[in-house]
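I opened my notebook for a structure that was new to me. Come along if you like, and keep the model in view while you read.

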Amino acid sequence: MDIKKISVILGKKCGFYCSHCNSINLKRNLLAHEKKRIISEINIKRFKKILFAGGEPFFYVKDINEILSGIKDLSSKTIELTTNGYFASTEKKSEKYLKSILKLDSVQMSYDKFHYKFLPYKNIKNLYKACRNLHIKFGIVIAVSEFADLLLIKKIRKYGKFFIGIQKVLPIGNAIKNKLYFRPVKFDETVLKKSCPSKKEISYIAGKGFSVCCSNLSYNDSSKIKTYHHSLNRHMKSKFYGIISNFNFQDIIRKYYLDIPANKADLSLECNLCEYIFSRIKL
């Protein structure tokens, strides 16, 4: 499979402690040998897009720049970053932070009812304007635990015409502890025909390794088989990757003679269903 994108989960450092955060499940922050490993794999696999996330990436500027400095033909790569925008108290300060990254093409800001507690709306405006001034693509992602959370979009939209993405809160980290994850009303059978939404991407999770999974399985360590590896080549040759990249959920269920409870509404979400399946597979 031709994989074009890698996401680097830098660690758990952040200035906030959100009630839905999944970073509390990270073991640690990137170590020196991990950065070397990431650089090597990026140069070998020639990923076109590189996303940095956390935690909060702007607590890892030195690490990001070390990785970017080691990448061959950096000008041909699209560098993306997901941030909570804690620093964007002014437009000028926002530009200073954005310029601290060696190369940056796209910024995705996390803003929702969970971040609203810490961030004033002006931070959206300041970061958006700074990105526009520096010709950096800007967008917002909203994490929702219930449909009422979508009402925030109307308030956000007044700050500009940028992309707004929706991300349902999954049962990971604080979201489990605080019971804040999204709960579908009933089981939607169409999920059975779907496959992993990230199967054409790879993540490197600090303290864990490479995996096609960037969600429940990797953060909750709930699978009965290994879902991440220190070597990307080893991961792509693993039983887990072979299954998740070649079959949809219904095929996997049939292959391993699993039963899916019809009244289990939470399994309507791909990552929840995937975790349910791989926590029961024995190889």
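These are my entries, topic by topic.

**Entry 1: the whole chain**

I began by noting that the model is a predicted one. I then looked up the secondary structure and found twelve helices and eight strands in the chain. The radius of gyration came out at 19 Å, close to the 19 Å that the globule rule gives for 283 residues, so the chain is as compact as a globular protein of that length. I also took the box along the principal axes, and the C-alpha atoms fill roughly 60 × 45 × 30 Å. How much of the chain is buried? I read off 54% of the 283 residues.

For a sense of span, I picked D73 and I176, whose C-alpha atoms are separated by 42 Å. Along the chain these two residues are 103 residues apart. D73 sits in the loop between α2 and β3. With a relative accessible area of 53%, D73 is exposed, because the cut-off for that word is over 50%.

**Entry 2: salt bridges**

I reminded myself that side chains of opposite charge can pair when their charged atoms come close. My search of the whole structure turned up nine salt bridges. I followed up some of them.

I went to K5 and E80 to begin with, where the side chains meet at 3.3 Å, N to O. K5 belongs to strand β1 (residues 5–9) and E80 to strand β3 (residues 78–83), so this pair ties together parts that are 75 residues apart in sequence. Are these two residues buried or exposed? I found both K5 and E80 buried.

Next I looked at K103 and D105, a salt bridge whose closest N and O atoms are 2.6 Å apart. Here the partners fall into separate classes of accessibility. K103 counts as buried because its relative accessibility is 17%, while D105 is partly exposed at 25%.

Then I checked E146 and K113, whose side chains meet in a salt bridge at 3.6 Å, N to O. This pair links distant parts of the chain, 33 residues apart. E146 is in the loop between β5 (137–144) and α6 (152–157), and K113 is in helix α4 (residues 113–116). E146 is partly exposed at 42% relative accessibility, and K113 is partly exposed too, at 34%.

I added one more note to this page: K35, D63 and E66 are linked in a network of salt bridges.

**Entry 3: patches on the surface**

Which residues form a positive surface patch? I wrote down K224, K264, R280 and K282. I looked closer at K264, which lies in the loop between α11 (249–255) and α12 (270–278). Its relative accessibility is 40%, so K264 counts as partly exposed.

I also found a nonpolar surface patch, made by F147, L150 and I166. Its area is about 290 Å². I166 has its place in strand β6 (residues 163–168). This isoleucine is partly exposed, with a relative accessible area of 46%.

**Entry 4: backbone oddities**

Before this page I noted a rule of thumb: most residues other than glycine have a negative phi, and most peptide bonds are trans. With that in mind, I looked for exceptions.

Where did I find a cis peptide bond? The bond from G54 to G55 is cis, with omega near 20°. G55 lies in the loop between β2 (49–53) and α2 (61–69).

I then turned to phi. K179 has a positive phi of about 55°, although K179 is not a glycine. This lysine is in the loop between α7 (174–177) and β7 (201–205). I noted K179 as exposed because its relative accessible area is 62%.

D221 is another entry of this kind, with a positive phi near 50° in a residue other than glycine. I placed D221 in the loop between α8 (216–220) and α9 (232–236). At a relative accessible area of 42%, D221 is partly exposed.

**Entry 5: what I would look at again**

If you have the model open, I suggest returning to three places. One is the buried pair K5 and E80. Another is the nonpolar patch of F147, L150 and I166. The last is the cis bond from G54 to G55.

Terms used
Residues are numbered from 1 along each chain as its sequence is written. This is a predicted model: local features need pLDDT of at least 70, side-chain atom pairs count only at pLDDT 80 or more; totals for chains, interfaces and linings use all residues. Side-chain values use heavy atoms; hydrogens and water are left out. Patches are made of residues with over 30% relative accessible area and no salt bridge: like charges are joined within 9 Å, nonpolar side chains (Val, Leu, Ile, Met, Phe, Trp, Tyr) within 5 Å. Accessible areas come from the Shrake-Rupley method with a 1.4 Å probe; for residues, only the protein chains shown count as cover. A salt bridge is a side-chain nitrogen of Lys or Arg within 4 Å of a carboxyl oxygen of Asp or Glu. Lys and Arg count as positive and Asp and Glu as negative; His and the chain ends are not counted. The place of a charge is taken as NZ of Lys, CZ of Arg, CG of Asp or CD of Glu. Helices (H or I, at least four residues) and strands (E, at least two) are DSSP runs, numbered from the N terminus. Buried means under 20% relative accessible area, exposed over 50%, partly exposed in between (1.4 Å probe, protein chains only). The radius of gyration is taken over C-alpha atoms; the globule rule is 2.2 Å times the number of residues to the power 0.38.
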